[in-house]
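User: Could you walk me through reading a few features of a protein model?

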Amino acid sequence: MPKKQQQQRARGPASKSDGGQWVMVAPDSVINPPRKAGSGPLFTRLRNPSTGQAALYMFSSDARQLFEVKAFHEEYRSWFIGQAIQQDGRLFFITPVDPLFLVLFYIAKAEKEQGKFQPLDQILVDAEFSSCTMLLQCTDISKSIHHIVEGKETGGRKFYKYSEEKTLKWLTKKVNQTVKVLKVHDVSVGGKVQSATFISSKKLAGATEEDYIRYAHGLISEYITEELSTKLAKYLRLPEVAVLPKEPLPKKRKVSDVPVEAEEDYTKFNTIDLKSKKASKMSAAQKTLAKVDKSGMKAISFFFGSKTKAMK
């Protein structure tokens, strides 16, 4: 990992108690000095395209790139920075994200509410998250907006309307690209994903193409609504996963409260509330065994007891 991608300190919207600093891992393009004095990366809140709830993002200093901010957090964790203690012990990861996912959220929303062609600057309007208009400055938007909309031009101005068919085709390309990356990096996607840390996925039961597609679909679904995720699964012809009903928990057995002692007969713990239950009928073999003379016989615990007495 390059030095610039190692832990970096960045100013963020933190409280006075934590010194206003965060510790983060970020790509070079984020921490490079800004071209203009006084400008720099901008942390802001935007709507998560999957849930519609507030999430933390960051625009590059020229606002042409968008990054999502993920935090690794453990309880009772702090940082030592210089001679100071950073109370906020979270480790932030800054990773690039396709801004078209966030634009898609607003375009699909406009389709449901208005259902007509509109210019982008009228579609990306959010009183609660005013920074959403900065998405239009991202480089990829002007080049990729056609993937999710139908467009027309009138009077020298462009108007757009959500296209579900185009969107599903675009998301399918995203899934296929993700599948290729998963295969190249040998990511375990089958039922034994937890063992991938110790055993190469190639040594495990071979993952099917459906496993890769389903896994990639799950990753892409983190950036689209649940409704669209379901439609994408059908478009990809992924079979529905049968949800097995939960088995009822077994009833707790009422075990005797008598403490377990080493020299007692262990079979006694198989009896449960003998007084409250009728004695079960004995088989012919059990009746025969019951008539055997047990005098002189030793309990099985005798053969597993301490040998100290015998050595004296």
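We will look at a helix, some strands and a cavity.

Analyst: This is a predicted model, so local features need pLDDT of at least 70, side-chain atom pairs count only at pLDDT 80 or more, and totals for chains, interfaces and linings use all residues. Residues are numbered from 1 along each chain as its sequence is written, and side-chain values use heavy atoms, leaving out hydrogens and water.

User: Why does the end-to-end distance of helix H2 agree with its number of residues?

Analyst: Helices (H or I, at least four residues) and strands (E, at least two) are DSSP runs, numbered from the N terminus. The expected span of a helix is 1.5 Å times one less than its number of residues. H2 covers residues 100–113, so its 14 residues should span 20 Å, and its end C-alpha atoms are indeed 20 Å apart. Just after H2, Gly-115 has a positive phi of about 65°.

User: Which residues of H2 are buried?

Analyst: Buried means under 20% relative accessible area, with a 1.4 Å probe and protein chains only. The buried residues of H2 are Leu-100, Phe-101, Leu-102, Val-103, Leu-104, Phe-105, Tyr-106, Ile-107 and Ala-110.

User: How many bridges join strand S4 to strand S5?

Analyst: Two strands pair if DSSP finds at least two bridges between them. S4 (residues 54–59) and S5 (residues 66–72) run antiparallel, joined by three bridges. Phe-59 stands opposite Leu-66 in S5. Six bridges join S5 to S8 (residues 91–96), also antiparallel, and Val-69 has Ile-94 in S8 as its bridge partner.

How values were computed: Buried < 20%, exposed > 50% of the residue type's maximum accessible area, 1.4 Å probe, protein only.
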